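Colleague: I have a few questions about this model, and I would like the reasoning along with each answer.

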Amino acid sequence: MQAGTTTVATSTGSKTIADLFGRATEQYADRIAARHKVDGAWVDVTYAQAGDVVREIGLGLIALG
């Protein structure tokens, strides 16, 4: 970067840090969010799949009170 220049950050539109993941699941649904090994082979998890897991956990916690 040259001296005297500035960078402009683009907003995600998120109001909270927790909101970022929900927005990522919408915007990047088919992209790989994480990888983990199962029986020695790497398995991809998309943002949509991770969002489903997070949603289920959240609903379960709500049901537990």
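Colleague: Which helix holds Ile57?
Modeller: The model is a predicted one. Helix H2 covers residues 47–64. Ile57 is found in helix H2.

Colleague: How far apart are the end C-alpha atoms of H2, and what should its residues span?
Modeller: H2 has 18 residues, and each is counted at 1.5 Å. The expected span uses one less than the number of residues. That gives 26 Å for H2, which agrees with the distance between its end C-alpha atoms, 26 Å.

Colleague: Which residue just after H2 takes a positive phi?
Modeller: The place to look is just after H2. The phi there is about 90°, and the residue is Gly65.

Colleague: Which residues form the nonpolar patch on the surface, and what is their accessible area together?
Modeller: Nonpolar side chains are joined into a patch within 5 Å. Here the patch is formed by Val53, Ile57, Leu61 and Leu64. Together their accessible area is about 450 Å².

Colleague: How many aromatic pairs are found, and how are the rings of Phe21 and Tyr47 arranged?
Modeller: A search of the whole structure finds 2 aromatic pairs. In the pair of Phe21 and Tyr47, the ring centres are 6.5 Å apart and the planes are at 45°. Planes under 30 degrees apart count as stacked and over 60 as edge-to-face, so an angle between these limits has the remaining name. The pair of Phe21 and Tyr47 is therefore tilted.

Colleague: How many residues apart are Phe21 and Tyr47?
Modeller: Phe21 lies in helix H1 (residues 17–27), while Tyr47 lies in helix H2. Their pair links distant parts of the chain, and the two are 26 residues apart.

Colleague: Are Phe21 and Tyr47 buried or partly exposed?
Modeller: Buried means under 20% relative accessible area. Phe21 has 31% and is partly exposed. Tyr47 has 22%, so Tyr47 is also partly exposed.

Colleague: What is the arrangement of the rings of Tyr28 and Tyr47?
Modeller: The ring centres of Tyr28 and Tyr47 are 5.9 Å apart. Their planes are at 45°, so this pair is tilted.

Colleague: Where is Tyr28, and which cluster does it belong to?
Modeller: Tyr28 is in the loop between H1 and strand S1 (32–38), 19 residues apart from Tyr47. One aromatic cluster is formed by Phe21, Tyr28 and Tyr47.

Colleague: How many salt bridges are there, and which residue meets Arg23 in one?
Modeller: The count comes to 3 salt bridges. Arg23 has a partner 4 residues apart in helix H1, a separation of about one helical turn. The N to O distance is 2.9 Å, and the partner is Asp19.

Colleague: Which residue forms a salt bridge with Arg55?
Modeller: The closest N and O atoms are 2.8 Å apart, where the cut-off is 4 Å. The two residues are 3 apart in helix H2, so about one helical turn separates them. The partner of Arg55 is Asp52.

Colleague: Is Arg35 exposed or buried, and what about its salt-bridge partner?
Modeller: The side chains of Arg35 and Asp44 meet at 2.8 Å, N to O. Exposed means over 50% relative accessible area. Arg35 has 52%, so Arg35 counts as exposed. Asp44 has 37%, so Asp44 counts as partly exposed.

How values were computed. Residues numbered from 1 in each chain as written. Predicted model: local features only at pLDDT ≥ 70, side-chain atom pairs only at ≥ 80, totals over all residues. Heavy atoms only, no water. Patch = residues over 30% accessible without salt bridge, like charges linked within 9 Å, V, L, I, M, F, W, Y side chains within 5 Å. Areas by Shrake-Rupley, 256 points an atom, 1.4 Å probe, with all protein chains shown as cover. Phe/Tyr/Trp six-rings, centres within 6.5 Å; stacked < 30°, edge-to-face > 60°. Buried < 20%, exposed > 50% of the residue type's maximum accessible area, 1.4 Å probe, protein only.
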